[in-house]
Structures are given as structure tokens and as C-alpha cells.
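Subject: Handing over a structure

Dear colleague,

I am passing a structure on to you, with the sequence and the model shown just below. After it you will find an account of what turned up when I went through it.

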Amino acid sequence: MRLLIRQVAAIPLDGVHDLLPEVDIAIEHGRIRAIGAAPPDFTPDQIIDGREHVALPAFFNAHTHAAMTLERGWAEDLPFDRWLNEKIWIAESALEEEDVYWGAALACCEMIRCGIVGFADHYFWMHQVARVVAEAGMKALLAWCQFGLGAAQEVGGAGLEDTVAFIREWNGAADGRIRCALGPHSPYMCPPDFLRRVVKEAERLGVGIHLHVSESEGQVRNSLRAYGRTPVAHLAELGVFEHPTLAAHCIVVTDEDLAILAEKGVYVAHTPKTYMKLAMGMAPLDRFLNAGVRVALGTDGPASNNDLNMLEVLRITGLVHKNRVGDPAAFPHYLLLRLATQEAARALGFAESGILKPGAPADLILLDTRGVHWFPRHSLAANIVYASHPSDVRYVFCEGRPLLWDGQLITLDEERIRYEAERRAFRMVGAPMRPMRRYVG
């Protein structure tokens with residue numbers, strides 16, 4: 001499809017232009033052909049009037065558990081250990097394979113409406129999530145979460161061989177929009193021998209690793225007691241970071257840990273709303289950036305974040321860290337936008353995305369700036385970070401394909417998904433449940 005967006009304000013995030021006012025964006029064969037003026041020979045199939053809208057690269061969500069929409073609002077006002085032990089890891093004993101499809105579909109509806117076209121998912125029965133991604137027209141890095149503690153403690157009894165089969169089937173599927181990674185849960189749950197097996201499979205399959213890392217002081221103390229190393233140093237010793245790694249959280253890290261993460265090119269997924277909601281402390285974003293650690297923003301799962309709103313994550317990240325370091329000039333809004341677009345896309349393996357320029361994939365969104373909360377429009381970029389609402393997102397494109405058109409979802413049946421997801425969520429938490437494993441820090 002050839003698409004022309006006329007007279008739109010554009011925030012290209014190209015490192016050159018802060019704002020391009022009243023430009024045309026020509027899209028052809030899934031890529032941006034021109035930005036500025038449409039080529040004379042360009043004949044569009046469809047035209048969008050971009051006046052009063054702002055275009056920018058679409059968001060990528062660097063860490064979530066999409067199907068945990070089914071547990072949204074069910075595990076509330078609890079500390080992290082009780083949240084896992086008394087709610088989440090009990091409810092998941094009643095999780096069924098088809099539940100994951102509908103929970104992930106609900107998440108994709110929500111993410112598209114928030115301007116997200118790609119996400120890094122870490123959950124169970126990931127071939128069901130892959131089905132949704134393919135149908136939705138999105139991009140994803142999918143990792144099947146496993147603990148390596150025996151079949152009784154794995155959802156559905158899945159083993160590492162199931163992950164391997166999933167990766168062989170789905171890595172590179174949907175015209176390259178689906179990428180796969182290995183998904184050990186964490187160094188505090190997965191035994192070292194299991195993590196060594198994961199490293200060997202990563203080498204054999206040529207894929208990366210996505211896991212949770214160093215979320216509390218207790219986890220660091222226990223790692224030092226058990227292995228004589230911090231969680232980060234422990235993973236480095238096991239060879240995990242010799243492969244592309246997406247490390248969620250890293251809330252408690254030493255300077256030595258930061259040096260390892262920077263040297264190995266590890267991406268840290270920063271999800272501040274979860275840290276605040278579960279009172280886990282705050283990952284030191286300024287120390288990450290100052291040490292040269294790669295950082296990308298994510299929502300985390302809807303059971304701990306409650307929504308999949310990247311606009312809110314942008315806002316929280318800026319406000320929390322400005323206040324934490326005592327510097328209102330820290331974490332400027334263009335930096336925050338890059339962490340949710342370019343850097344998050346790279347963390348997922350989609351290195352060409354996150355920028356508006358000729359030749360780049362047409363992964364972009366349009367926000368309507370006519371709401372009263374946008375006025376006066378001194379800075380469209382600042383208003384995106386600190387004033388915009390998901391309802392402002394009117395158009396979403398992934399490789400030029402419309403996922404949201406003038407506020408209407410194109411690729412997913414939202415009404416049926418809402419019905420099926422809620423029905424299955426109520427069934428899950430109403431079914432007989434049992435503890436599957438225990439978190440001890």
C-alpha cells in the first residue's frame with residue numbers, strides 16, 4: 001500500500017531535527033520513502049490529513065508479560081514476595097493454554113491503542129502469543145519463561161525442549177516481525193546448571209536471552225551467600241551475557257555490575273511503575289546512563305503495572321528520576337522518547353525502527369493535538385511526554401500496515417477479545433488453585 005500523510009508535524013528523533021512542521025510523509029512497501037515533500041511520481045492509494053496531528057516513531061515495550069492482563073487488579077496492595085506467593089504463582093496453576101492467547105490479544109489491543117507496535121514478552125505457551133502477534137500485525141521478541149526446577153513447577157509442565165521447539169518454529173516468522181529468545185525466569189529462581197543449559201541452547205540456536213535480574217537487596221545478599229557473586233556477576237560467570245541479553249529491572253546494582261552490563265552490551269529494561277507500585281525501590285537510571293549501560297523503557301506486566309500505557313511510563317520515568325536526582329534539567333523529554341522508541345526497538349532486535357527517515361521501516365504513530373490538554377502547543381515533544389493521553393493516539397502503523405485507523409482497531413476483534421479475556425480471567429481465579437513454587441528472595 002502507498003500511503004501519504006499530508007501536512008503533519010513530525011518528531012523524527014533523527015538526531016538532527018527536533019521538529020519538522022507541516023511535512024508530508026510518503027510510505028511505500030512498508031518503508032518511509034520520503035519525509036518533507038512527497039516525490040513527484042508518488043501516487044498514494046490513501047491519504048491522511050495530518051493537520052493538527054504530530055507524527056513520531058512508534059513505541060516498543062521492552063519488557064512485559066502480555067497475558068497477565070488476566071490478572072489485572074487481582075493481586076493488589078501486596079509486597080513483592082506475597083504478590084508472587086499468595087496470588088500470581090497460585091493463579092497461574094489454573095492458567096490454560098488458550099487463556100494465554102486471549103490474554104495476549106487483550107494486551108495487544110491495549111498496546112496498539114497506546115502507540116506500541118512491538119513488545120518483548122516473557123511468559124508461558126509463547127506460541128499462543130506468537131499467533132496473536134502475527135494476526136495483530138505487530139512485532140515482538142518472545143521468550144518462553146521457565147524455571148528449571150522440574151515439570152511440577154513449570155506452567156503446563158513445559159521444559160527447555162518446548163522452548164527450543166517454539167524457537168525453531170517461530171523465530172523469524174510473520175515476515176520477520178517475530179523474533180525469539182530463551183526465557184529463564186531469573187538467577188534467583190533458576191539453578192546454575194539450568195542456566196548453563198540455556199547458554200548452550202542460545203549458542204546453538206543463535207538467539208538471545210531475556211530474564212529478570214537483581215530486583216532487591218535480598219536477592220543480592222542471597223546471591224553473594226550462595227555463589228560469592230552479585231546476580232549480575234553470577235550471570236556473567238555463567239556466560240549468559242555472551243549472548244544478546246535483555247535484563248529486566250536491575251534495581252540493585254554495584255558499580256562493578258554496571259561495568260559488566262556496559263561491557264557486555266546488555267540492555268536493561270526499566271519499568272518504573274511496577275517498582276513504585278510494589279514498593280521495590282527505584283532502579284538507578286542515571287547510573288545506568290552515566291556508565292554507558294543500554295536502557296529501554298517497558299511497562300512490565302498488567303498484574304503489577306495494571307496497564308500497558310507507554311505514555312504513562314514516559315511521564316513517570318521523567319518525573320521520578322528528576323526528583324530522585326534533584327535536577328529538573330535531568331532526563332530531558334527527547335531522551336525519554338528515544339528510550340521508548342529507538343532504544344526499545346534495538347533491545348528487541350529491530351535496529352532500523354525508532355526513527356522517521358527515508359528508508360526506515362514505517363513504524364510510526366499519529367497523535368491528535370486538538371485536545372484542550374495540548375494547548376498552548378509550545379512544545380509538542382514535551383506535551384507527548386507530560387500531557388498526552390492514549391485517546392490522542394489516532395493512527396498506528398507497523399511497517400506501513402495500519403493497526404489503528406482514526407481510532408479504530410483494524411487487525412483485531414476488540415469486542416470478542418474483551419469478552420473472551422474477561423470470561424477466562426474469572427474462570428482462572430475461580431478454579432481450584434495451588435502454589436507452584438515459592439519466592440524467598
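Let me begin with phenylalanine 59, which touches Cys114, Gly115, Ile116, Val117, Gly118, Met310, Leu311, Leu314, Leu337, Ala340, Thr341 and Ile365, leaving aside residues up to four places away in sequence. Please keep in mind throughout that this is a predicted model. Phe59 is also one of the residues that touch the most other members of the largest nonpolar core, a set of 155 residues in which Trp83, Phe119 and Phe288 share that distinction. Helix 2, which covers residues 97-113, supplies the largest share of this core, with eleven residues. Apart from the largest core there is another one, made up of 18 residues that include Leu3, Val8, Ala10 and Ile27.

Two of the contacts of phenylalanine 59, Leu337 and Ala340, are also among the buried residues of helix 12, the others being Tyr334, Leu335, Leu336 and Leu339. Helix 12 spans residues 333-340, and because six of its eight residues are buried, it is largely enclosed by the rest of the structure.

Next come the cavities, of which two reach 30 Å³ or more. The largest cavity holds about 260 Å³ of space. It is lined by 24 residues, and those closest to its centre are His65, Trp83, Leu84, His185 and His212. Helix 1 (80-91), strand 7 (116-123) and helix 9 (272-277) each contribute at least two residues to this lining, and helix 1 provides the largest share, namely five residues. Sorted by class, the lining of the largest cavity consists of 14 nonpolar, seven polar and three charged residues.

The second largest cavity has a volume of about 30 Å³, and its lining is formed by Trp144, Gln146, Leu160, Thr163, Leu182, Gly183, Pro184, Phe194 and Val198. At least two lining residues come from each of strand 8 (139-146), helix 4 (160-170), strand 9 (178-184) and helix 5 (192-205), with strand 9 giving the most, three residues. Here the classes are six nonpolar and three polar residues, with no charged residues.

Turning to the aromatic rings, a search of the whole structure finds eleven aromatic pairs. In one of them, the rings of tyrosine 188 and tyrosine 439 have centres 5.3 Å apart and planes at 80°, and because planes over 60 degrees apart count as edge-to-face, the pair is given that name. Tyrosine 188 sits in the loop between strand 9 and helix 5, while tyrosine 439 sits in the segment after helix 15 (414-430), so the pair ties together parts that are 251 residues apart in sequence. Tyrosine 188 and tyrosine 439 are both buried, and ring pairs link these two tyrosines with Phe80 and Trp83 into a cluster. Trp83 therefore deserves a second look, because it appears in this cluster, among the residues closest to the centre of the largest cavity, and among those that touch the most other members of the largest core.

Another aromatic pair joins phenylalanine 397 and tryptophan 405, again edge-to-face, at 6.2 Å from centre to centre and with 85° between the planes. Phenylalanine 397 is buried, with a relative accessible area of 0%, whereas tryptophan 405, at 22% relative accessibility, counts as partly exposed.

Histidine 234, placed in helix 7 (residues 231-238), is buried with a relative accessible area of 3%. Its contacts, again not counting residues up to four places away in sequence, are Pro187, Pro192, Leu195, Ser223, Tyr227 and Arg229.

Finally, some points about the backbone. The peptide bond from phenylalanine 375 to proline 376 is cis, with omega near -10°, and proline 376 belongs to the loop between strand 14 (364-368) and helix 14 (380-386). Glutamine 7, in strand 1 (residues 3-10), has a positive phi of about 50° although it is not a glycine, and at 34% relative accessibility it counts as partly exposed. Leucine 13, in the loop between strand 1 and strand 2 (20-28), likewise is not a glycine but has a positive phi, of about 55°; leucine 13 is buried, with a relative accessible area of 6%.

With best wishes

Conventions:
Residues numbered from 1 in each chain as written. Predicted model: local features only at pLDDT ≥ 70, side-chain atom pairs only at ≥ 80, totals over all residues. Heavy atoms only, no water. 1 Å grid on protein atoms, 1.4 Å probe; cavity = no way out; pocket = protein on both sides within 12 Å on 5 of 7 lines; lining within 4 Å. Points joined across faces, edges and corners; volume = space filled by probe spheres on them. Helix = DSSP H or I, 4+ residues; strand = E, 2+ residues; numbered from the N terminus. Nonpolar A, V, L, I, M, F, W, Y, C, P; charged D, E, K, R; others polar. Core = buried A, V, L, I, M, F, W, Y, C linked by side-chain atoms within 4.5 Å. Buried < 20%, exposed > 50% of the residue type's maximum accessible area, 1.4 Å probe, protein only. Contact = heavy atoms within 4.5 Å. Phe/Tyr/Trp six-rings, centres within 6.5 Å; stacked < 30°, edge-to-face > 60°.
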